[in-house]
Amino acid sequence: MRTDTSNRLGYPALMNQGPERLAPHQYHVPAVRHLAWMCRAPQLISSPMGFNPENILPDDTEERLKAWDRAPQHGPEVLTEEPARRLGHYFERLYECLMRDLLGWEILLKNQPVRNNGITLGELDFVVRNPADNVVEHHEIAVKFYLGHLETGQDKPLWYGPNARDRLDIKTRRLTDHQSQLTEKPEARNLLTSLGIDTPARPRIFMPGYLFYHLTNALPSPDNVPPGHLRGHWLYIDNLDAKETTGNEKTTDTKHWVPLIKPHWLGLWRQEEAPDQNQTEDALEEVRSAGIPRLFATLERSEDGDWRETSRVFVVPSEWPGLPRRG
């Protein structure tokens, strides 16, 4: 399910006007491609606290990314280091690079726990100084992937993470009502004062990601999510095996699918070789036998001969979103 304002990649049409500025496909180094995606990815939350780096990127951003893509060893360490095993940690490293090396902001603090008598009240993701007005800001960040599921007897779908441990409405409330407000607590203010840091005057939230709509059941978009968010589809493995495509045969043609492994859930996938059907079948078998949801990219061959992502689909086990599984 896509709106008329999105192209086949899920990017808002407005973002594709003019030359392919910062188009993630053009970069060969994965971390550069992921960083370019982060620069322009739409948010999954509508809030006055929302932070949109695309609006303040320097004019030479594209040239700098291209230079890093040609010689990543001369760029920030995150471009060549082994990505963190957890996607959230890798995302934080990329955000640090975005803030410091692309935007030129001063990072005063990151990943700082706030405690009261040994009890952790929360963690400050980033405390930074905005060079535009020299004001200290508190940034809470996350990258999320949610699948819409309409529960029996409900009017609106709930949006779960692939392993069903996470939910969009709960995460949104926690970000806006708790995490972003942490510096209002006296424990956080005392901590910052002890470190010689001014209390942040502005809280910010940065949460890009994807929403995956059921392949055959039309679902409304969730409240408080901008209409230009990135989109994909999802379906049950039983539906795929039974070829229940209901007019979406092209979307469920697995011949051009490739399984995406973290950290490559970020950015848009590209590869030189044709998709390997054996890899896809192995990943689908993991869904069947182990009950682990898997994310796939559909590829098409580009004019330069590379295979590039055009859409995404999650395949989930038949009991999803029942008992959370690993993955």
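The legends below describe close-up views of salt bridges in a predicted model.

**View 1. The salt bridge between Arg93 and Glu96 within helix α3**. Arg93 is paired with Glu96, and the closest N and O atoms of the two side chains are 3.0 Å apart. Both residues belong to helix α3 (residues 87–102), where they are 3 residues apart, about one turn of the helix. The two partners differ in their accessibility class, since Arg93, at 23% relative accessibility, counts as partly exposed, whereas Glu96 is buried, with a relative accessible area of 8%, a value under the 20% cut-off.

**View 2. The salt bridge between Glu96 and Lys110**. Glu96 also forms a salt bridge with Lys110, for which the closest N and O atoms are 2.7 Å apart. Because Glu96 lies in helix α3 and Lys110 in strand β1 (residues 106–116), this pair ties together parts that are 14 residues apart in sequence. Lys110 has a relative accessible area of 35% and is partly exposed, while Glu96 is buried.

**View 3. The salt bridge between Arg100 and Asp101, and the network that includes both residues**. The closest N and O atoms of Asp101 and Arg100 are 3.2 Å apart, and the two residues form a salt bridge. Asp101 is partly exposed, with a relative accessible area of 23%, and Arg100 is likewise partly exposed, with a relative accessible area of 38%. Through salt bridges that share partners, Glu81, Arg93, Glu96, Arg100, Asp101 and Lys110 are joined into one network. For the model, the count comes to 22 salt bridges.

Definitions and conventions: Residues are numbered from 1 along each chain as its sequence is written. This is a predicted model: local features need pLDDT of at least 70, side-chain atom pairs count only at pLDDT 80 or more; totals for chains, interfaces and linings use all residues. Side-chain values use heavy atoms; hydrogens and water are left out. A salt bridge is a side-chain nitrogen of Lys or Arg within 4 Å of a carboxyl oxygen of Asp or Glu. Helices (H or I, at least four residues) and strands (E, at least two) are DSSP runs, numbered from the N terminus. Buried means under 20% relative accessible area, exposed over 50%, partly exposed in between (1.4 Å probe, protein chains only).
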